[in-house]
Amino acid sequence: MEKAAATVVAADQAGTTPDRTGKRRTWKDTFRRSRAEKDEAGKDEAGKDEAGKDEAGKGRGDEPAGGGAEQPEPAAEADPWTSFAPAPEPVPGRPGRAVRATGRFLVHEWTLAALASLALAVGLTWPTLRYPRYTLPQDYWDPSLQAWQMAWSGHALRTNPGQLFQSNTFFPEPWSFAFSDMLLGYAPAGLLGTGPDAAVLRYNIMFVLAHAMATFGAYVLARQLGAGRIGSAVAGVSYTYAPWLLAQAGHLHIVSNGGIPLALAMLARGHGWSLRHGYRPERRRVGWAYAGWVVAAWQLSLGFGIGLVFAYVLALTLLVSAAVWFWRRRRVRRPFGRRLFVADLVGGLLFAAVGSLLAVPYFKVAELHPNAERTLGDIGVYSPPASGFFTAPAESWIWGGLHEGARAALPWHPEMTLLPGFVLYALAAGGLFFSVWRLRHRLLMLAGVIVTMVLAMGTRFFDGTFTYAPLFEHLPGFNGLRTPGRMMLWTTLLLGLLAAGAVSAFARRVREISADRVPARPSPWLRAVTLLPLLLVLVEGLNNTPHPVVPEQPVAMRTVDGPLLVLPSGQNQDQPVMLWSTTRFQQVVNGGSGFTPKQLDDVRRVSAAFPDQTSVDYLRTLGVRNVVVLRDQIVGTPWEVTVDAPVEQLGITRQQVGNAVVFRL
């Protein structure tokens, strides 16, 4: 016993213990033996479990007993140090996840860009929303027509969609809604409200939203192509608020151009393509491709004035893409992907179907009214000289007064003052030499600028023999475009992309300089210099557009039934009459559009002597039941005398309604 005790003491001092055989073991041997015993115990438990399964036949989800199934791994021991670890982050509930998702959405770049575009539109179009129910931007002639168009399309959708193109104006002419661009894409807005006040309010809201969408669309396109944020902002602002576009403030169908860059951006994003990085198949998104085609079709529905050129640009892009697809198919199987190919096929058919359906009424109008067809002589009247590219309209806040003499030298300055901005010219010129775009892309943009400017000159560039005339004579629909100067829309977009490349390269260089500083951040002066191009473009886009008060609706327009004729009648006088008719949408002979139908011209000529037997008989033949003569507009005209002449011998009656005289035929 003493010997055994001495052995144990000696072993303990040496860090060893005797085993059952009397051999000495170190503490490491003891630890290994303990682990081995635990493993054996785990195997025994597993064997018991397998035996239990054998007794029951088969275990749930396992192979039959005796089938050679693998033994389960022993459970890992609990780590004692986990008690010192930080508490796990709690899993948020559904309200918490919704709040987080909303927060991420609100701070997303696209959300901030959209809000900034909207705020900028409200500020740079001010005072459009100051008195939105009583004033219209630039004048109350064409805007009154376009306010009526939105109101009529909404009224037709509510009452009788099948009669959409048979409007209540230009009575008794058919297809009268297609006498000018229809703004059909704004028809859902026309469902809200009735009457002239609602129509004017609707127009002003859509006018501001159109500017916001144009800025956002051009920004998104530049970002998708690879420009930086500030460069893209320059592209968006210059595209929307170029000085030449200030003269188009009275043409909502021209100002509503934001769908063009937005659709191009969506299509490029859907195809995984950018200007800086080329084609990246891993970034393809079929949903964006579908969305791009839908936006493109919506843009076309606003009118062919700018939509027709957009359609031809898309067609040319499709041809180039198809050629690339067939070329790459030799090396890469389905380089664009089957789903993307189907999306382009479906989207292209949708776009073509919308264009074809909208073209039908215009072909009907051209068939019924040969005088509506344009000629190259008509195009020459609106074709600007080269000096127009450096002349600003009167609506430009910074250049309007300075260019008054230059505008006087232009035959038709509202459509010939085509200055996109001197700042934009300078930034685009710099972008030819210093840019984030590749050299070949810069040269292609420069070629596009030159081509579109030459086309914008119409017949002024060597009579258009080899430029505008072939398009006018051979491309369907081109002979319906009256003003070639609106090709400047594409010139401005390309100049904006060149400028975005230069500004983005400059901003990147500023970041590189800032990275070498200690601490690595740009100085306030560098930040200010980076924003300077954007500020200069903004200043050049300021306007002093007038906002006249819309003529008040006569009481007679709310009470007198149609068909009726309102005198005096003329292109400018009839457009407010169209707006006044939005209370009841009674049929009126009056109307203003891009051309004057022969019958309306005859009505104006014959009714110059109203009321007399000839005019009364002629109006009765047309089906006119009432004639409204506005006393406040006949000063200095023959009606100032004849309006109070005896009418008993003509078989008609006369009644004073408000400030108008109503003749019942």
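**Pockets, cavities and a mixed sheet in a predicted model**

In this predicted model, the largest pocket has a lining of 47 residues, and those nearest its centre are Val 313, Leu 316, Thr 317, Leu 318 and Val 320. Several helices contribute to this lining, the elements that give two or more residues being α7 (195–225), α11 (259–270), α13 (304–328), α14 (338–368), α18 (439–456) and α20 (488–515). Of these, α13 provides the largest share, with 14 residues of the lining. The space within the largest pocket comes to about 2100 Å³, and the residues that line the pocket fall into 37 nonpolar, seven polar and three charged.

Enclosed space was also examined. Rolling a probe the size of a water molecule over the atoms shows where empty space is left. In this model, six cavities of 30 Å³ or more are counted. The largest cavity, with a volume of about 130 Å³, is lined by 14 residues, and Phe 207, His 211, Leu 246, Ala 249 and Thr 545 are the ones that lie nearest its centre. At least two residues of this lining come from each of α7 and α9 (243–246), and the lining of the largest cavity comprises seven nonpolar and seven polar residues, with no charged residue.

The second largest cavity holds about 60 Å³ of space. Its lining is formed by Val 237, Ser 238, Tyr 241, Ala 242, Pro 243, Pro 420, Leu 424, Val 537, Glu 540 and Gly 541, with helices α8 and α21 each supplying at least two of the lining residues. By class, the residues around the second largest cavity are seven nonpolar, two polar and one charged.

Both of these helices contain a residue that can be described in further detail. Thr 240 belongs to helix α8, which spans residues 229–240, and Thr 240 is classed as buried because its relative accessibility is 7%, under the 20% limit for that class. The side chain of Thr 240 is joined to that of Thr 215 by a polar contact of 2.9 Å, and a polar atom of the Thr 240 side chain also lies 3.0 Å from the backbone oxygen of Gly 236. Val 529, in turn, is found in helix α21, which covers residues 524–540. With a relative accessibility of 39%, Val 529 counts as partly exposed, a class that lies between the limits of 20% and 50%. Although Val 529 and Val 510 are 19 residues apart along the chain, a distance of 9.3 Å separates their C-alpha atoms.

Beyond the helices, an open sheet is formed by four strands in the order β5-β6-β8-β7, with mixed pairing. Because β5 (564–567) and β7 (653–657) stand at the edges and each has a single partner strand, one side of each is left without a neighbour in the sheet. On average, and with direction ignored, neighbouring strands of this sheet are turned by 20 degrees against each other. Strands of a sheet pair through backbone hydrogen bonds, in either the parallel or the antiparallel sense. The pairing between β5 and β6 (residues 626–630) is parallel and extends over four bridges, and within this arrangement Leu 567 has Val 629 of β6 as its bridge partner.

Notes: Residues are numbered from 1 along each chain as its sequence is written. This is a predicted model: local features need pLDDT of at least 70, side-chain atom pairs count only at pLDDT 80 or more; totals for chains, interfaces and linings use all residues. Side-chain values use heavy atoms; hydrogens and water are left out. Two strands pair if DSSP finds at least two bridges between them. Axes are lines fitted to C-alpha atoms, for helices over the stretch in contact, and angles run from 0 to 180 degrees between N-to-C directions. On a 1 Å grid over the protein atoms alone, a cavity is a set of points where a 1.4 Å probe fits but cannot get out, and a pocket is an open set with protein on both sides within 12 Å along at least five of seven lines; lining residues have an atom within 4 Å of a point. Grid points are joined across faces, edges and corners, and a volume is the space filled by probe spheres set on the points. Ala, Val, Leu, Ile, Met, Phe, Trp, Tyr, Cys and Pro count as nonpolar, Asp, Glu, Lys and Arg as charged, and the others, Gly among them, as polar. Buried means under 20% relative accessible area, exposed over 50%, partly exposed in between (1.4 Å probe, protein chains only). A polar contact is a pair of N or O atoms within 3.5 Å; within protein, one must be able to donate a hydrogen and the other to accept it, and residues adjacent in sequence count only if both atoms are side-chain atoms.
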